[in-house]
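Ready for a short walk through a structure? Open your viewer, keep the selection box handy, and follow along one stop at a time.

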Amino acid sequence: MLILGIETSCDETSVAVVKDGTEILGIKTFSQINKHEKFGGVVPEVASRIHVKVIHYLVAQLLEETNIKPRDLDYIAVTNCPGLIGALLVGVSFANAYAFALNKQVIGVNHLEAHIYAAFLNTTETPLLPAVALLVSGGHTSLIEVKNIGDYNVLGNTLDDAVGEAFDKTAKLLNLPYPGGPAINKISLSGNPKAFHFPRALLKNENFNFSFSGLKTSVLYEVTGIGMKNKKPLPLTEENTANVAASFQKAVIDVLVHKTAKAISKLHARSLIVCGGVAANSELKKAMIALALKNNIKAHIPPIQFCTDNAVMVAGLAYHKTNEAAVCVKEVFADRPLGSN
Ligand code: KG4
Ligand code: ZN
């Protein structure tokens, strides 16, 4: 079964064709990063307009390069929540129009569920279930029990900033380029993670929620001196920047490891999934692999191109949702919870 997947929830326009849920026949992604860089973050209206401009070309190129005729597609899958509303609408409108013209049905896909599904694309080692999934992206931070594909129990969420958001805001404070995650990851390699002590929030808390806004504020105080008596601003030399970045990153990873460890033992999880853009972080990966090893389970972390936003995870997941296919996806609800219809 051939499914065309479409992903436009944020700043990547991505289209892909996946066969039978796992065989990737082709993917085309247009990254908008350099269009948003000068603003220090994604500008929703700019993102929507770029999606409108490029989506037709990407689909045409993809089908030409893969030698697939539009009529050979079985379904059109599209991310329809959560995300930037205008950006989502471009993908959903395109998917509906394209499907209508081809007399096909559309499958609406939850973006967060698709991120989790990225761990199931590797068929030689699919995650044993139940699994604990740590979903860390620019907009979300959640710990989720994965009972099956399509059957989830959200254990906890961030109460304020998402991890990726904290990386991006901290990078801005350190005059590092956008997106902040990769920049902090890179400069941290030469920094001392013990140089500064930043707070680890909600560690003693019994639940699985996170909070990262205090950590971000703490970095702000350290760098600017604001709110600290007799504290001068920290000169942002390369060494200081690397040390602040490494200490911030370590604080984030400590919290993620602590909460994930608790979830694994509480649920007697048989595997660990780490997904979403921040799963591309080299130090987080090392820490999660070590955590899984300690628990005698396997860590499933998709390759970088499937951690960040992509249409393969959308087309792949849709294969398991053909019973939800409809003539048209009517709703784009940004706050529709994971796994609900
Ligand atoms: O999943 P994603 O591509 O988009 C959303 O759905 O949000 O995640 C983007 C986020 C950004 O905040 C970016 O800074 C972060 O993922 N990110 C990283 C790394 N690569 C991307 N964060 C930490 N380390 C990285 N290497
Ligand atoms: Zn995402």
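The tour below goes through this predicted model in four stops.

**Stop 1: the zinc site**

Start by selecting the zinc ion, ligand 2, together with its protein donors: His 111 (NE2), His 115 (NE2) and Asp 309 (OD). These donors lie 2.0 to 2.1 Å from the zinc ion. How are the donor residues spaced in sequence? The pattern reads H-x3-H-x193-D.

Now show the cartoon for residues 111-117, which form helix α4. Both histidines, His 111 and His 115, sit in this helix, four residues apart, or about one turn. Turn on a surface next: are these two histidines buried or exposed? His 111 counts as buried because its relative accessibility is 6%, under the 20% limit. His 115 is buried as well, with a relative accessible area of 0%.

**Stop 2: a pair of helices**

Select residues 44-66 for helix α2 and residues 85-102 for helix α3. Their axes come within 9 Å and cross at roughly 40°, and the crossing is right-handed.

Which residues meet here? Show side chains on the α2 side for Ser 48, His 51, Val 52, Ile 55, His 56, Val 59 and Leu 63. Across from them, α3 brings Gly 86, Ala 87, Val 90, Gly 91, Phe 94 and Tyr 98. Colour the residues of this contact by class and you get eight nonpolar, five polar and no charged.

**Stop 3: Ser 211**

Move on to the loop between α6 (180-188) and α7 (213-224), and pick out Ser 211. Ser 211 counts as buried because its relative accessibility, 15%, is under 20%. Draw a distance between the side chains of Ser 211 and Asp 160: they make a polar contact at 2.7 Å. Then expand the selection to the residues that Ser 211 touches, leaving out those up to four places away in sequence: Thr 158, Asp 160, Ala 201 and Leu 202.

**Stop 4: Pro 233**

For the last stop, find Pro 233 in the loop between α7 and α8 (238-267). Buried or exposed, what does the surface say about Pro 233? Pro 233 is exposed, because its relative accessible area is 55%, over the 50% limit. Beyond residues up to four places away in sequence, Pro 233 touches Val 223, Thr 224 and Gly 225.

Finally, add Asp 168 and draw a C-alpha to C-alpha distance to Pro 233: the two are 20 Å apart in space and 65 residues apart in sequence.

How values were computed:
Residues numbered from 1 in each chain as written. Chains lettered and ligands numbered in written order. Predicted model: local features only at pLDDT ≥ 70, side-chain atom pairs only at ≥ 80, totals over all residues. Heavy atoms only, no water. Axes fitted to C-alpha atoms, helices over the stretch in contact; angles between N-to-C directions. Helix = DSSP H or I, 4+ residues; strand = E, 2+ residues; numbered from the N terminus. Left-handed = near helix turned anticlockwise from the far one by under 90°. Contact = heavy atoms within 4.5 Å. Nonpolar A, V, L, I, M, F, W, Y, C, P; charged D, E, K, R; others polar. Donors = N, O, S within 2.8 Å, 3.2 Å for Na, K, Ca; no water. Buried < 20%, exposed > 50% of the residue type's maximum accessible area, 1.4 Å probe, protein only. Polar contact = N/O pair within 3.5 Å; in protein donor to acceptor, adjacent residues only side chain to side chain.
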